[in-house]
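User: Please take a close look at the ligand site for me, then work outward from there. I'd like the details in plain language.

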Amino acid sequence: MRKAMLELRNVCKTFNPGTINEKHALNGINLTLEEGDFVTVIGGNGAGKSTMLNAVAGVWPIDEGSILIDGIDVTGLPDYKRASLVGRVFQDPMTGTAATMQIEENMALAARRGLFRSPFRAGVSRKERAMFKERLKILNLGLEDRLTSKVGLLSGGQRQALTLLMATMQTPKVLLLDEHTAALDPRTAEKVLSATKTVVERDNLTTIMITHNMKDAIHYGNRLVMMNEGQVILDIKGEEKKKLTVEDLISKFAKASGEEFADDKTLLS
Ligand SMILES: Nc1ncnc2c1ncn2[C@@H]1O[C@H](COP(=O)(O)OP(=O)(O)O)[C@@H](O)[C@H]1O
Ligand SMILES: [Mg+2]
């Protein structure tokens, strides 16, 4: 068996406890990812998907349970102390990169993050530039010829692809993708997804990818998890996952949750 790279053990998180807005977002969720697992996560709005990723990243303390990354108990660590273990890409293409800086300057920041030498040291070395070019080529977006372009000039898809490269520059223990292609047109989304697959496979990254697109959830990764009311209600791997259809998922959701998929967007995508 491969080693466990990420473990959520009985994780609970309640927002606004004891108030009228009380929300049990995570209800004792259990999930273990082995090294190299690429898990796609689906579930209706408010199922707790983003909350789960925030718990792993340490955005706030959890109420109960524990979280281990590569065997290290990080439950008590604030987000900045987990930052070197975790790479993240969010939905909004405007976050994750600095618009007023060049592509290579953005990449240099990511490459030097957490290093002893100041990340703001002026200039990009020839060696760094060659490495950035190699990585940009993987995207198939022609960005390798635009190293000194300001990131603000790029399209949303190009920026998401660059954010992905930056999030994985230092080979994180876990990569967390929260609907990172949801704001893109289908063609661009496909490019970013295929770049995601390439990078994940190249570095054998342990990855959680939330998506509202059931086809993408089926097509990408080696494992599919469905969430509902702050718990995992389905966990499908291997050959069984390869044979899945969107219709299967809809009926499995209905069975496991006792509800219909309420979210049109989920059904239509
Ligand atoms: N910071 C927060 N403060 C209060 N409630 C929150 C917060 N984050 C999430 N929630 C609530 O927790 C539930 C789960 O949210 P979320 O994890 O974002 O769902 P999903 O990503 O599956 O759509 C929702 O009811 C949401 O409103
Ligand atoms: Mg979400």
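Analyst:
**Around ligand 1**

An oxygen atom of ligand 1 sits 3.0 Å from a polar backbone atom of Gly48. That distance fits the cut-off for a polar contact, a pair of N or O atoms within 3.5 Å; within protein, one must be able to donate a hydrogen and the other to accept it, and residues adjacent in sequence count only if both atoms are side-chain atoms.

Before going on, some ground rules: this is a predicted model, local features need pLDDT of at least 70, side-chain atom pairs count only at pLDDT 80 or more, and totals for chains, interfaces and linings use all residues. Residues are numbered from 1 along each chain as its sequence is written, chains are lettered from A and ligands numbered from 1 in the order in which they are written, and side-chain values use heavy atoms, with hydrogens and water left out.

Side chains join in as well. An N or O atom in the side chain of Ser50 is 2.9 Å from an oxygen atom of ligand 1, and for a polar side-chain atom of Thr51 the distance to an oxygen atom of ligand 1 is 2.5 Å. On its own, ligand 1 has 560 Å² of accessible area, and the protein covers 62% of that. Such areas come from the Shrake-Rupley method with a 1.4 Å probe; for residues, only the protein chains shown count as cover.

Which elements give two or more residues to the shell around ligand 1? They are strand 2 and helix 1. Helix 1 gives the most, with three residues. (Helices, H or I and at least four residues, and strands, E and at least two, are DSSP runs numbered from the N terminus.) The residues surrounding ligand 1 are Phe15, Asn16, Lys23, Ala25, Gly44, Asn45, Gly46, Ala47, Gly48, Lys49, Ser50 and Thr51. To be listed, a residue needs one of its heavy atoms within 4 Å of the ligand.

Now for the strand side of things. Strand 2 belongs to an open sheet of four strands, in the order 2-1-4-5 with antiparallel pairing. Two strands pair if DSSP finds at least two bridges between them. Strand 2 (23–34) and strand 5 (72–73) are the edge strands, each pairing on one side only. Helix 1 (residues 49–57) packs on this sheet, touching strand 1, strand 2 and strand 4, and its direction makes about 65 degrees with that of strand 2. Touching means heavy atoms within 4.5 Å, while axes are lines fitted to C-alpha atoms, for helices over the stretch in contact, and angles run from 0 to 180 degrees between N-to-C directions. Over at the strand 5 side, two bridges join strand 5 to strand 4 (residues 64–69), and the two run antiparallel. There, Leu68 stands opposite Asp73.

Thr14 is worth a stop here. It lies in strand 1 (residues 4–15), and its side chain makes a polar contact with the side chain of His24 at 2.9 Å. Leaving out residues up to four places away in sequence, Thr14 touches Glu22, Lys23, His24, Ala25 and Asp63; Lys23 and Ala25 also turn up among the residues around ligand 1. Is Thr14 buried or exposed? It counts as buried because its relative accessibility is 16%, with buried meaning under 20% relative accessible area, exposed over 50%, and partly exposed in between (1.4 Å probe, protein chains only).

Also in strand 1 is Asn10. Its phi is positive, about 50 degrees, although it is not a glycine. Asn10 counts as partly exposed because its relative accessibility is 36%.

Helix 1 meets a second sheet, too. This open sheet has six strands in the order 6-7-8-3-9-10, with mixed pairing. Its edge strands, each pairing on one side only, are strand 6 (86–89) and strand 10 (231–237). From one strand to the next, the twist averages 20 degrees. Helix 1 lies across strand 3, strand 6, strand 7 (174–178), strand 8 (206–210) and strand 9, running at about 150 degrees to strand 7. Within the sheet, strand 3 (residues 38–42) and strand 9 (residues 223–228) run parallel and are joined by four bridges, with Val225 in strand 9 as the bridge partner of Val41. Helix 6 (residues 186–202) lies across strand 3, strand 7 and strand 8, at about 145 degrees to strand 3.
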